[in-house]
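Hello,

Here is the structure I promised to pass on to you. Have a look at it first, and then read on for what turned up in it.

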Amino acid sequence: MYDVFISYRRDGGFETARLIYEHFSNVFGMKVFFDLEELRSGKFNLKLYSAIDESENFILVLPKGALDRCVNEDDWLRLEILHAMQKEKNIIPLMLNGFTWPDNLPDCLADLSKYNGVTLNREYFDASMTKLVSMLRGVNITTNGVFRKQNQERRENPYHYLSDEERHRLYVQQELMKSFDCEVYDRIKSTYDKLYILDVGSSSGDLIMDRLGRHEKLEKLIGIEYSEEVVKAANDAYGEENRIAFYNVDAESQQFPARIKEIMAEQGIEGFNVINISMLLLHLKTPYKLLKNLRQFLTRDGIIVIKDIDDGYNIVYPDEKGEFNRVMEICSRNETSGYRQSGRQIYTLLGRAGYNDIKLEKLGLTTIGMDYDEREAVFETYFSFVLGDLLIMKKRYPNDKRIANDYEWYSTTYEELEEKFHDNNLFFSLGFMLFTARR
Ligand SMILES: C[S@@+](CC[C@H](N)C(=O)[O-])C[C@H]1O[C@@H](n2cnc3c(N)ncnc32)[C@H](O)[C@@H]1O
């Protein structure tokens, strides 16, 4: 995967193309595809097509007369541009001194001049580069110059409960988050006489059992989880006839509301006064739909509790070499980590789905005041899973050099980061968010 593909004509374009390549790679740490001048002689190199496919952005360097030869059907630049257009890449023409749009541009390239472009001004090179970067898709530069790229959109839920390791990680997270969420769960326990709970994305059931499931007021606890294997484990561990049951349902499927109704009828439940959704929405493609679907099952006096994350609230200081930020950047890019800007959407989604009295109960889990073991748990919760995810990504995309590089870098840096993390003066904040709302 590349951030940028640089397309250029050898005569007049090479020098600028190389400058951009160096600037983007060295200053911003981006992954840039820039094939060497020598490769550009002879027959068109078909490998260029796959490099374009793998790049989100296509920068087209346009020196004087660059497009004149595009009338020829086998012209390299023409082939590259057409491919980028077909694949709907973010095409940015970079116009150099003396370039003008030619009158004889073939019809298939006629739309090219409609793309937003940048005029490169040698005197103001840095300003031109900043403008260029601001137009890139899927890339942004933080104030300290660290390049970050995030999953731009929600995808088909890629989360899979995999192993004992994952269960252990969730357990550590669960323990760690006690101080974060216990206030809300304690309030729930004291508010209601009887608890009718629906936990969506319940995984092994460990979390909901720990927070509410063992309470004497518990009447019914229904867990929903789409991994069959995990549902079985949860039922084996916690299932109680007529009281606690986990069901294999996909929360995003069309049948979801009908399935919940069936389960409620089967269990003799009229409504839930607690609906709990912990660390699930970030893995969903259509969280709005789920929230809207769930509202009908919440009693008039009931409460919905949502825990989620937003990497925009992740902060680490000091990070002189940008290593911690690099890990966070890797995390935001790994599809396995879910949609890392999920947290900021929840207030809006709840409102749109018809909920009232929406509260942000907690924002950000910081290391301030934590003892050694708690810090260790934070490190384990966040940093260890990035390493595990990279391993999964490496298997999924064996030809992706960036993933391979990230994995190699991270596996050799991991211990050093762990040590630095135990510095008492390090400030680290993770963007966990806890919302509640009413029907
Ligand atoms: C990150 S875990 C969170 C587990 C638990 N709620 C917690 O906070 O510890 C998310 C769980 O949601 C499940 N999940 C993901 N997408 C789902 C879907 N569409 N329907 C039901 N469960 C889903 C995953 O299999 C996984 O077990």
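**The parallel sheet and its surroundings**

Val4 has Val32 in β2 as its bridge partner. Please keep in mind throughout that this is a predicted model.

That pair belongs to an open sheet of five strands, which run in the order β2-β1-β3-β4-β5 with parallel pairing. At the edges stand β2 and β5 (118–119), each with a single partner strand, so one side of each has no neighbour in the sheet. Helix α3 (residues 76–86) packs on this sheet and touches β1, β3 and β4 (90–95). The direction of α3 makes about 145° with that of β1.

Strand β1 deserves a closer look. With strand β2 (residues 32–33), β1 pairs in the parallel sense over two bridges; besides the valine pair, Phe5 has Phe33 of β2 as its bridge partner. With strand β3 (residues 55–62), β1 again pairs in the parallel sense, here over five bridges. Ser7 is found opposite Leu60 in β3. Is β1 buried or exposed? Six of the six residues of β1 (residues 2–7) are buried, so the strand is largely enclosed by the rest of the structure.

**Two residues to click on**

Asp11 sits in helix α1 (residues 10–27). This residue counts as exposed because it has 11 C-beta neighbours inside 10 Å, and the limit for that class is 12 or fewer. Asp11 and Ala66 are 55 residues apart along the chain, yet 8.3 Å separates their C-alpha atoms.

Leu105 lies in the loop between β4 and β5. There are 17 other C-beta atoms within 10 Å of Leu105, so this residue is partly exposed; a buried residue would need 20 or more. Leaving aside residues up to four places away in sequence, Leu105 touches Leu67, Cys70 and Ala110. For a view across the model, try Leu105 and Gln173: they are 68 residues apart in sequence, and their C-alpha atoms are 59 Å apart in space.

**The ligand**

Which residues are closest to the ligand? They are Gly201, Ser203, Tyr226, Ala251 and Ser278, out of 22 residues that surround the ligand. The elements that give two or more residues to this shell are α5 (164–176) and β9 (218–225). By character, the shell divides into eleven nonpolar, eight polar and three charged residues.

**The chain as a whole**

Stepping back, the domain assignment gives domain 1 (2–141) and domain 2 (164–438). Taken over C-alpha atoms, the centres of domain 1 and domain 2 are separated by 42 Å. The C-alpha trace of the chain spans about 80 × 50 × 35 Å along its principal axes.

The secondary structure comes to 14 helices and 15 strands. The chain has 439 residues, and buried residues make up 37% of them. Among contacts in the chain with a separation of 6 or more, 77% are between residues 24 or more positions apart.

If you want a place to begin, I would suggest the valine pair, Val4 with Val32 in β2, and then the ligand with its 22 surrounding residues.

Best wishes

Technical notes
Residues are numbered from 1 along each chain as its sequence is written. This is a predicted model: local features need pLDDT of at least 70, side-chain atom pairs count only at pLDDT 80 or more; totals for chains, interfaces and linings use all residues. Domain bounds come from an automatic or database domain assignment. Helices (H or I, at least four residues) and strands (E, at least two) are DSSP runs, numbered from the N terminus. Two strands pair if DSSP finds at least two bridges between them. Two residues are in contact if their C-beta atoms, placed from the backbone, lie within 7 Å. Axes are lines fitted to C-alpha atoms, for helices over the stretch in contact, and angles run from 0 to 180 degrees between N-to-C directions. A residue is near a molecule or strand if its C-beta atom, placed from the backbone, lies within 6 Å of it. Ala, Val, Leu, Ile, Met, Phe, Trp, Tyr, Cys and Pro count as nonpolar, Asp, Glu, Lys and Arg as charged, and the others, Gly among them, as polar.
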